[in-house]
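Colleague: I would like a close look at one part of this model, and then a walk through whatever surrounds it. Could you take me through it at your own pace?

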Amino acid sequence: MTRLKVENLTKRFGNLVAVADISMVVEPGEIRAVIGPNGAGKTTFFNMISGFLTPTTGRILFENRDISQVAPSQRVKLGMARTFQITEVFPELSVRENLQIAVEAALGYGLSVRMSEDAAEEVHAEVSELLGLSGLTDKADRFVGELSHGDQRTTEIMMALALKPRLLLLDEPTAGMGDQETFDIAKLIRKLHRQQGLSIVLIEHDMRIVFNLADRIMVLAEGRMLAEGTPKEIAANEAVQKAYLGTAG
Amino acid sequence: MLNNGSLTRYAPSVIGWIVLVSLPEWINVVAYTDLGSRVVILGLAAMALNFLLGHTGVLSFGHAAYFGLGAYGAGLTLRYLAPSTGLAILVGTGVGMMAAMLIGPLIIRLRGVYFAMVTIAFGQIFYFIAFRWSTLTGGDDGLTNWSRQPINLGFATIDLKSPVAFYYLVLFVFAVATAIMAKLLNSPFGRSLLAIRENERRALFLGIPVNLRIWLSWTVSCGFASVAGAMYALLNNFVDPRTLHWSQSGAFVIMAVLGGMRSFWGPLIGAAIYVVLQDYLSSRTSNWMSLVGLVFVLVVLFFPRGVLGMLGRRTQA
Amino acid sequence: MTQLILFNLFNGLIVGAFYALMALGLSLIMNLTGVINFAHGGFLAIGGYLAYTLIPYLGFWGALAVAPVMTAFLGLVVERFLIRRVYGHDPLYSLLLTFGLAFIIEDGTRYIWGAQAVPYEVPSSLTTPLSSEYFFLTGYRLFMVALAAISVSGLFALLKWTRLGMRIRAGTLDLETVSVLGVNTAILRNLNFGLGIYLAGLAGVLAAGQLGVEPTIGSSLIMPSFVSIIVGGLGSLPGTLFGGLLIGVASALTSVFYPSATEAVMYVIMAAVLLVRPRGLFGQEGRF
């Protein structure tokens, strides 16, 4: 079963066509990168998949189910999770509480006032596992707002992962990071991908990350799809080099 | 290490409760027992407001409406329905909470200043009803000719005439209400409210139905405000429309801010400071209103994090 | 009956014009700085009292011209030393600050001018009815409507065609970009606040002629202004104008048929609007 299928997606804001007629298929376990110069429509495209925006025309299918009009919180329940370009965490709560809230939401305890011991145990175990996986166990009781940019981003990714998604959407996971942090995040994404068998769609500016991680790459320019293929094919594609890699390099 | 940790964690609460329980023993040295009741009642209202403001991150400037509905609900019950203090508290709470629940769907989609403005404006509806419907409410002169009645427990009867006896009823209601609020906040439900306060967008993308949670938090918060309102009516044996006025809402907000919005007990401390100060100023000068206004200005400029906010970044419930 | 309805309709327009003048000032300040100015009613009272004090020296027309300017100047000072400090903070703080200011102003005016309403002399040339059949069409009433209309047109013209107006409009959309373009946003917000307060002062002078001035006039007029803004839609000045006129007329007509609901009717309108259009009649998605 195809994980994500996007058919002829278009988004207009008044006269401006931000995304024009884009189609894409993401298979289970695939890492897909979406690249393109600023203003290419990447974020708009991404926001439609996660439900932040509704498409003007076209369809989005998640595991063969049309979700084009489904609310973001419902998409989460179906098995999609996302992170944001600007890290979105709960700054005045500890790392542990951040993850705990995510786990409780995922397990559907969000409305309970009283929890059984088993349930509390289950939440605790999952939080510990996520902490271990992320390497943040030492910092578990510090406020997220006090941590480094990289650790905040890691927390955000782990919160998304707590939802046990089958599709993870990462919006510029390494934006604004130094080399070491970028490298650590890339390592984390690879590790999560391998262990969980996730499909991942990511927008990314750092070409080292893109070519290192992605199974397939889609290139957008001015709202349209310029090219699509394996990293090798994209690297060799003349149109892409001219429109994008040339100017960026 | 563990002992030390739990000592510093629980010591403030223990001391706080000792102060509250022993209050009638020492307050006559500096003031009078009813002032203590007023602090605890308005403190409960400010803590109820803070359930929404400090723990859900939603700014209501209209809580006096629900406080006042609680007060009128209690007063009208005793005046017209039945001579039962317990019933009066229940009716007051029910009326306020029901009104909040019904208004909720109209406002939960709004945020920030817009939410604040709409809550103020909605609050005024009840003010005008109380003001205009004078055959029922006594209008501007207030609802009179009733008083709190002894509580009959079956095996014993508690006479509430004396200020001290009534103070202990207030403290009992306060203890139950705050215990429920603390329990709610320390649950997955409470944490999902904190999540909304911290970052609404992230909460939404964790699958938390944000608007629905704000509706619940709003209803709970207004419900406890009306409990406080009912007790306030019983304290004075009197209710008037000023109880519902937006300037009273402002007072609740300043109490919460003054004490510290991020802490559970902060608003009680804020209420104590505010009530005592107002009581002192209004007995000293007819221009107390400017001085209270000055308190608002000074708190904003110099104490934005509140008293408990200055002491530590976070005090656990 | 027709005459009674006409009378109240006309009265409603006058009252609505007051609400709109006050609400437009509030809106102007809120749109650019996100500050809900609770003290707006206080400035209105100050405008009325200043005019009352100035009339013996300057006469009616002189006071009408000078009092709003003095009020606006006071607004500039208050913005410079107090309001400015809460920009960019949680809106909670601006609310509390202006709330405290409203208390101080109300008490201050009571201290200076007394708790009783003060009489306010309007030139007799303006008070004689223009028609015996429509007795309520006094010159002063027509004059108020005309002056309100001129002020509102003046405000919209200023926003549309002057450099300051264009900067205010641009700043309302995106203050950061405006500041990057080299506009001094501190001065911009200061002048904008003064402009809003000028409108409050003007409404105060007009209200004084119609109702007399008393210390609580401000707190009684602030709620209808809030409702005007909510009904019209946050962020939209034409919406605010429309909202003010609508609730003014609605309250006046209600007072004919069901007097005890005179104040409540505006809140009913507000609830209905919120139910159908949460952002208000002319409000835009996404702001606030």
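To begin with, how many helices and strands make up the secondary structure of chain B?

Modeller: Happy to! Please keep in mind that this is a predicted model. Chain B is built from 14 helices and two strands. Its C-alpha atoms occupy a box of roughly 55 × 50 × 45 Å along the principal axes. A compact globule of 317 residues would have a radius of gyration near 20 Å, and chain B comes out at 19 Å, so the two agree. As for burial, 55% of the 317 residues of chain B count as buried. The contacts also reach far along the sequence: among those in chain B between residues at least 6 apart, 75% join residues at least 24 apart.

Let me zoom in on one residue of this chain. B:Val299 sits in helix H13 of chain B, which covers residues 288-302. B:Val299 has 22 C-beta neighbours inside 10 Å, and because 20 or more are needed, this residue counts as buried. Setting aside neighbours within four places in sequence, B:Val299 is in contact with B:Ile254, B:Val257, B:Leu258 and, from another chain, C:Leu96. B:Trp265 is 34 residues away from B:Val299 along the chain, and their C-alpha atoms are separated by 18 Å.

C:Leu96 turns up again in the largest nonpolar core, which has 271 residues. The members that touch the most others there are B:Ala45, B:Ala121, B:Leu206, B:Ala228, C:Phe18 and C:Leu96. Take B:Ala45 from that group: apart from neighbours within four places in sequence, B:Ala45 is in contact with B:His63, B:Phe67, B:Ala225, B:Ala228 and B:Phe252. B:Ala228 is thus both a contact of B:Ala45 and one of the core members with the most partners.

Now to the side of chain B that touches chain A. The contact draws 19 residues from chain B and 26 residues from chain A. On the chain B side, helices H7 (163-185), H8 (188-198) and H9 (200-204) each supply at least two residues. H8(B) gives the most, with seven residues. Sorted by class, this side of chain B has 10 nonpolar, four polar and five charged residues.

Across that contact, chain A has sheets to look at. One is an open sheet of four strands in the order S2-S1-S4-S5, with antiparallel pairing. Strands S2 (16-26) and S5 (65-66) form its edges, each pairing on one side only. S1(A), residues 4-13, is joined to S2(A) by seven bridges, one of the bridge partners being A:Lys11 with A:Val19 in S2(A). The hairpin of these two strands has two residues between them, and A:Gly14 takes a positive phi near 60 degrees there. Towards the other edge, S4(A), residues 57-62, pairs with S5(A) over two bridges, and A:Leu61 stands opposite A:Asp66.

Another open sheet of chain A has six strands in the order S6-S7-S8-S3-S9-S10, and its pairing is mixed. S6 (80-82) and S10 (224-229) stand at the edges with a single partner strand each, so one side of each is left without a neighbour in the sheet. From one strand to the next, the twist averages 15 degrees. Within this sheet, S3(A), residues 31-35, and S9(A), residues 216-221, run parallel and are joined by four bridges. A:Ile35 has A:Val219 in S9(A) as its bridge partner.

Methods. Residues are numbered from 1 along each chain as its sequence is written. Chains are lettered from A and ligands numbered from 1 in the order in which they are written. This is a predicted model: local features need pLDDT of at least 70, side-chain atom pairs count only at pLDDT 80 or more; totals for chains, interfaces and linings use all residues. The radius of gyration is taken over C-alpha atoms; the globule rule is 2.2 Å times the number of residues to the power 0.38. A residue is buried if 20 or more other C-beta atoms lie within 10 Å of its own, exposed if 12 or fewer, and partly exposed in between; C-beta atoms are placed from the backbone. Two residues are in contact if their C-beta atoms, placed from the backbone, lie within 7 Å. Two strands pair if DSSP finds at least two bridges between them. Ala, Val, Leu, Ile, Met, Phe, Trp, Tyr, Cys and Pro count as nonpolar, Asp, Glu, Lys and Arg as charged, and the others, Gly among them, as polar. A nonpolar core is a set of buried Ala, Val, Leu, Ile, Met, Phe, Trp, Tyr and Cys residues joined through C-beta atoms within 7 Å. Axes are lines fitted to C-alpha atoms, for helices over the stretch in contact, and angles run from 0 to 180 degrees between N-to-C directions.
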